[in-house]
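Got the viewer open and a free hand on the mouse? Let's walk through this one stop by stop, starting in the middle and working outwards.

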Number of protein chains: 2
Amino acid sequence: MEIAILVFDRMTALDAIGPYEVLARLPEARIRFVGKKRGLVTTDTGFLRLDAEAALDEVPRPDVLLVPGGFGTRRLMTDPDVLAWVKSAHETTQWTTSVCTGALVLGAAGLLRGLEATTYWAVLDMLAPLGAIPVRRRWVEQGKIVTAAGVSAGIDMALALAARIAGDEVAQRIQLGIEYDPHPPFSSGSVETASPAIVESMRAQLVAAAAAG
Amino acid sequence: MEIAILVFDRMTALDAIGPYEVLARLPEARIRFVGKKRGLVTTDTGFLRLDAEAALDEVPRPDVLLVPGGFGTRRLMTDPDVLAWVKSAHETTQWTTSVCTGALVLGAAGLLRGLEATTYWAVLDMLAPLGAIPVRRRWVEQGKIVTAAGVSAGIDMALALAARIAGDEVAQRIQLGIEYDPHPPFSSGSVETASPAIVESMRAQLVAAAAAG
């Protein structure tokens, strides 16, 4: 099973690496990190570089497609090469998936029209203009399209996907394999559970970051 | 604040990238991905390459040191250059940390003698021969040394560390920033909650993998 994970400058690393760590453990999985061209991409913090071992045209028909998020998705949303690849790959995938603002790239490629979808909490209102029906859930499955919420949600989504692909037992083995028994020290991980002050200050920070480009 | 994350061949990517995604969001953090030498390392699945932007001697006195795990730690445990760097960096760190089998490297460097520590569930019995007192917890803080359990535990540990470094409010903002509101589809992430059959088959798989080298 060929699993293509799109990588690009200003992506959020955990969006990709969370699902990668789950899906790489599926029997007979082969993960391809695919870039516009081969070579290193720099993540959104500027601190990390990941290697795209293949260019888009080298992986035309993956079985699973995963588009992670990050500020870099804004550029992808108007990149004709990336959108054409996503659209064309989707025609033959078994699963087409996104994490965080990766959903906006699926939307820009026209794949979410009329479908429920989710994305990063702070940009949920960007889904409707792309024809999707925004919902606040950890992940949303609609036919073969699965969209996950922000960043760390990709781990939960990938476990659910692993179960759909290989069965519950395999997914449960993978969960134990990555010792995924989360115990966050705070309950501040969603707008529903974080304090209003935290949500507001985070929103302000994101608006400032978006304005800074 | 300079945060050094050791990277090496056959490391487990999520061990490093989980904490990176948290710690990179600390105010004035600078993350350094440090390798034995500069250049690409290949993770344990063989599918992913990360760039070590600095060699050991370029980051001699990080404020925070993080050693991730993976099969590659077995080689590090007898690598005099790596052990000398870990030991020497630890003399001036504010925090010395590990995820998964990264604890075995701290132990091999002599840093865990007489201290409680944790590591990946399947190798917990490797801590005692290194002088540590093994405990089953998500993460364990002993003075300035913090060890985390397997793979995904690094995210929880890093949030706790972020709170110790910059206060609870900053840590809670970071948690919302990465939308870390975990909802795994199964409760199979620990030996205490997974079914005995899953635990046994996973143990057998790990023994086979270890024997294969």
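Start by selecting A:Leu50: of the residues of chain A, this one comes closest to the rotation axis, with its C-alpha at 2.4 Å. That axis comes from laying chain A on chain B, which takes a turn of 180 degrees and a shift of 0.0 Å along the axis, and leaves an RMSD of 0.0 Å (a least-squares superposition on the C-alpha atoms of residues with pLDDT of at least 70 in both copies). The two copies are therefore related as by a two-fold rotation axis.

A word on ground rules: this is a predicted model, where local features need pLDDT of at least 70 and side-chain atom pairs count only at pLDDT 80 or more, while totals for chains, interfaces and linings use all residues. Residues are numbered from 1 along each chain as its sequence is written, chains are lettered from A and ligands numbered from 1 in the order in which they are written, and side-chain values use heavy atoms, with hydrogens and water left out.

Next, colour the interface. Chain A brings 66 residues to the contact and chain B brings 66 residues, where contact means heavy atoms within 4.5 Å. The copies meet through the same surface, because 100% of chain A's interface residues are also interface residues in chain B.

How much area do chain A and chain B bury between them? About 5,600 Å², with 62% of it on carbon and sulfur atoms (accessible area, 1.4 Å probe, lost when the two parts are put together and summed over both). Pick out A:Phe47, A:Leu176 and A:Glu179 here: they supply 15% of the area that chain A buries against chain B, more than any other three residues.

Now show the side chains of A:Arg49 and B:Asp51, which meet in a salt bridge at 2.4 Å, N to O. Between chain A and chain B the count is 4 salt bridges (a Lys or Arg side-chain nitrogen within 4 Å of an Asp or Glu carboxyl oxygen).

Switch to cartoon and look at the side of chain A that touches chain B: the elements giving two or more residues include α1 (13-23), β4 (49-52) and α7 (196-212) of chain A. The top contributor is α6(A), with 8 residues. Helices (H or I, at least four residues) and strands (E, at least two) are DSSP runs, numbered from the N terminus.

Last stop: A:Arg136 and A:Glu192, whose side chains form a salt bridge (2.6 Å, N to O). A:Arg136 sits in the loop between β9 (133-134) and β10 (139-142) of chain A and A:Glu192 in the loop between α6 and α7 of chain A, so the pair ties together parts 56 residues apart in sequence.
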